[in-house]
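Reader: I should like to learn how helix packing and internal cavities are read from a model. Could we work through a case together?

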Amino acid sequence: MRRHGTMTREEACDMLWSLYLISGAPMYEAPDYDSVQPWPYKDERNNDIAAKSRVISALSIMDTKQMSRNLGIHEQRLKHLHAAYAAAIIKRLKSLHLPDFGKKETALKDEIIRSHPANPDGNVIGTHPSDYSNLLRIGNLNYFSMRNSMYHSYVSKIMEKRFIPMLVKYFPDQAGEVVKYIRKAGYGDGEVLDLIDRTAGYNSKTAYLYQGKSGEEHRKKFQQKIRNSCPDVSRNTNK
């Protein structure tokens, strides 16, 4: 995508179809956290999550103007397609994340260890063949927990930070379109402005997203929060 030269129509079509297929591909069908089935994907833990993240990164740097010329379609139609791809990926990963799983994980590990007949005092499970099923349960629990954390970290640290600036770039002064795709990504109305705050922030390019009474109230609360956390800023502001 960063190479020199003009992309042919065939290359542009191949790229869009590839991104479409990766976006819609199913996630790993991993064992549940209390399963005794072994992890089926040798040496792979999060390649499915990372691949979907790379799709959003690719979309965010794509030259839609040049791509629309290559494909012979209206640029705005291409922007809506990209926004739909990204929103679907984020919604999928958000739906898989269990926010409170950490507490459950600790309880489940304790339960597995306490239930083992050779470890009534809570010692670690050994390597005896009779321990195999419990070792698998512990392993799957660890994998499940790791992936659960990755769902959240990939979305919050990478995908959101690509997604919102992309929407702002695609739909300037079209707050309705930006909010529409944020909702399609699985965010509620009460989460929209918080999401914009932590990704694009309030500036000349995003001010239109804060229009109206609710936007103005949100911005005042956000500024007050900054002043409360930075007393020096508050004093300088009041001078």
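Author: Let us begin with α3 and α4, in what is a predicted model. Angles of 65 to 115 degrees count as roughly perpendicular. The axes of helix α3 (residues 64-71) and α4 cross at roughly 115 degrees and come within 9 Å; α3 and α4 are therefore roughly perpendicular to each other.

Reader: What is the hand of the crossing of α3 and α4?

Author: That crossing is right-handed.

Reader: Which residues of α3 and α4 meet?

Author: From α3 come Thr64, Lys65, Met67, Ser68 and Leu71, and they meet Glu75, Leu78, Lys79 and His82 of α4. By class, this contact of α3 with α4 holds three nonpolar, three polar and three charged residues.

Reader: At what angle do the axes of α1 and α4 cross?

Author: The general idea is again to set the angle against a cut-off: angles under 35 degrees count as roughly parallel. Helix α1 (residues 9-24) and helix α4 (residues 75-96) have axes that cross at roughly 25 degrees and come within 10 Å. This makes α1 roughly parallel to α4. The crossing in which α1 passes α4 is left-handed.

Reader: Which residues in α1 and α4 meet?

Author: On the α1 side they are Leu16, Leu19, Tyr20 and Ser23, while α4 offers Leu78, Leu81, His82, Tyr85 and Ile89. Seven nonpolar and two polar residues make up the contact of α1 with α4, with no charged residues. Leu78 and His82 of α4 appear here and also in the contact with α3.

Reader: How do α4 and α7 pack?

Author: Their axes lie 8 Å apart, and α4 packs with helix α7 (residues 175-184) at an angle of about 35 degrees. His80, Ala83, Ala84, Ala87 and Lys91 of α4 make the contact with Glu177, Lys180, Tyr181 and Lys184 of α7. Sorted by class, the residues of this contact of α4 with α7 are four nonpolar, one polar and four charged.

Reader: Let us turn to the interior. How many cavities of 30 Å³ or more are counted?

Author: A cavity is a space where a probe fits but cannot get out. The count for this model is one cavity of 30 Å³ or more, and the largest cavity has a volume of about 30 Å³.

Reader: Which residues line the largest cavity?

Author: Its lining consists of Tyr33, Asp34, Leu108, Ile112, Arg137 and Leu141. The elements giving two or more residues to that lining are α5 (101-115) and α6 (132-170). By class, the lining has four nonpolar and two charged residues, and no polar ones.

Methods: Residues numbered from 1 in each chain as written. Predicted model: local features only at pLDDT ≥ 70, side-chain atom pairs only at ≥ 80, totals over all residues. Heavy atoms only, no water. 1 Å grid on protein atoms, 1.4 Å probe; cavity = no way out; pocket = protein on both sides within 12 Å on 5 of 7 lines; lining within 4 Å. Points joined across faces, edges and corners; volume = space filled by probe spheres on them. Helix = DSSP H or I, 4+ residues; strand = E, 2+ residues; numbered from the N terminus. Nonpolar A, V, L, I, M, F, W, Y, C, P; charged D, E, K, R; others polar. Axes fitted to C-alpha atoms, helices over the stretch in contact; angles between N-to-C directions. Parallel < 35°, antiparallel > 145°, perpendicular 65-115°, else oblique. Left-handed = near helix turned anticlockwise from the far one by under 90°. Contact = heavy atoms within 4.5 Å.
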